[in-house]
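Please follow this explanation with the sequence and the model side by side, beginning with a helix and ending with a hairpin.

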Amino acid sequence: MIKTEKTQEKVVLIGVESFDNNQTFEASMTELASLAETAGAVVTTVFTQKKERLDGKYLVGIGKLQEIKDNLEADEADMVIFNEKLTPRQNVNLEGFLGVKVIDRMQLILDIFALRARSHVGMLQVELAQLKYLLPRLSGSKGLELSRQAGGIGSRGAGESQLETDRRHIRHRLEIIEAQLKKAEKVQENSRQKRNNSSVFKLGLIGYTNAGKSSVFNALTQKIQYEQDELFATLDATTKDFSLQDEFTVTLTDTVGFIQDLPTELVQAFKSTLEESKNVDLLLHVIDASDPNHKIHEDVVESIMKDLGMSDIPVLTVYNKLDLAEHFAPTILPSVQISIKSEAGVQQLRQAIIAKITELFVPFALDLPYAAAYHLPMLRKIALLETVVAEDETETYHVSGSISEREKWRLVEDGLCRVSH
């Protein structure tokens with residue numbers, strides 16, 4: 001993986017507001033500052049400009065660019081970060097004019113992913129995305145850099161040769177990484193297939209980055225999953241089972257959070273990781289109720305879900321961090337509104353999950369003779385039981401509850417009851 005170090009670089013942020021992004025521009029710039037800080041930078045100045053059309057050469061106007069250059073020299077800034085995606089040529093032009101390193105939002109996100117990746121597969125996925133981002137940019141800044149080193153005339157052949165060597169090296173590395181990821185995907189697919197073939201009900205966590213998904217995961221499963229008030233705290237998919245009610249056990253999967261303009265390279269690289277959330281029975285969409293831009297975040301998550309083919313999966317909307325929210329009004333109903341940091345919030349969420357699963361299940365009722373009581377442990381594992389009432393006169397248990405469509409055959413086959421519809 002291309003290694004990055006978390007250093008306190010001084011950076012200047014630049015964003016261009018246009019007709020296409022004016023609804024989300026302010027929130028996106030605030031987020032860009034958070035991304036820069038997450039990467040270890042110190043933001044010195046933020047420049048914005050309104051333009052109907054982006055400048056093909058510099059993205060911003062030449063007057064604004066000169067203003068930025070003057071500020072860079074005054075603040076002794078090390079880097080400029082653009083909120084928009086830069087073309088390789090724009091990158092070269094901007095670095096040439098400003099005299100400092102220039103990156104865009106996508107490269108910044110890739111850098112953070114490189115900092116966050118912990119597992120071998122996660123590191124391979126990030127490196128794959130980084131190399132795919134870098135490959136088309138070799139003919140730009142690197143080519144210019146090489147020609148300067150060689151002195152221009154008489155060095156063109158060497159420069160081209162070096163560029164081709166770099167390209168071949170990256171393409172070869174891409175082939176190796178893709179082959180390794182395919183092997184890893186087969187292992188993951190086998191594990192997913194085993195879970196899909198089991199009777200265990202599967203929950204999945206989705207949400208905007210830093211909405212509190214890992215906190216929800218830890219509170220429900222009692223597992224210590226890395227959680228922090230920072231963007232992209234968790235990259236690797238993690239699955240854990242826990243008892244939801246009595247002996248009724250479910251699995252819960254946590255995976256990478258979403259963000260505005262999530263780089264296509266990352267979506268493709270993390271496709272196998274995101275697949276973990278596609279093969280679930282119920283999604284818990286966790287939303288930060290304290291974030292004033294939560295509506296924008298909801299729309300981003302729903303859009304990415306649609307792109308990933310997840311729109312048909314049932315969803316329970318969970319507004320988290322209610323203790324930090326002021327004047328909060330949910331925009332998605334029905335929903336559950338909690339602070340997962342409180343025990344009351346955890347219990348409220350568990351009850352909301354049980355209620356949602358009950359909606360998805362089919363109800364049943366049966367009279368179970370005392371002599372057949374050995375069926376009760378099995379029932380508690382595969383169904384959500386509402387009542388188990390013993391009647392001594394008839395030596396019968398009156399049992400009611402709900403069960404999944406894929407498990408109801410067990411009741412019918414054993415002749416225990418009729419399943420209601």
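A residue is called buried when its relative accessible area is under 20%. In this predicted model, helix α1 is mostly covered by that criterion, since 10 of its 14 residues are buried. The buried residues are F25, A27, S28, M29, E31, L32, A33, L35, A36 and T38, and the elements that cover them include β1, β2 (42–50), β3, α4 and α11. The length of α1 can be checked as well: at 1.5 Å a residue its 14 residues should span 20 Å, and because the C-alpha atoms at its ends are 20 Å apart, the expected and computed spans agree. Just after α1, G40 takes a positive phi of about 100 degrees.

One residue of this helix, A36, leads into the largest nonpolar core, which has 43 residues and in which V11, L13, A36, I81, L108, L283 and M310 have the most contacts. At least two residues of this core come from each of β1 (10–17), α1 (25–38), β3 (79–82), α4 (105–116), α5 (120–134) and α11 (294–307). Leaving aside residues up to four places away in sequence, V11 touches A36, A41, V42, V43, T44, T45, M79 and I81. Apart from this core lies another, of 29 residues, with V216, A219, L220 and V336 among them.

Further along the chain, strands β12 (residues 383–391) and β13 (residues 396–403) pair in the antiparallel sense over 8 bridges, and A383 stands opposite I403 in β13. The hairpin that these two strands form has 4 residues between the strands, and in it E395 takes a positive phi near 50 degrees.

Note on methods:
Residues are numbered from 1 along each chain as its sequence is written. This is a predicted model: local features need pLDDT of at least 70, side-chain atom pairs count only at pLDDT 80 or more; totals for chains, interfaces and linings use all residues. Side-chain values use heavy atoms; hydrogens and water are left out. Two strands pair if DSSP finds at least two bridges between them. A nonpolar core is a set of buried Ala, Val, Leu, Ile, Met, Phe, Trp, Tyr and Cys residues joined through side-chain atoms within 4.5 Å. Buried means under 20% relative accessible area, exposed over 50%, partly exposed in between (1.4 Å probe, protein chains only). Contact means heavy atoms within 4.5 Å. The expected span of a helix is 1.5 Å times one less than its number of residues.
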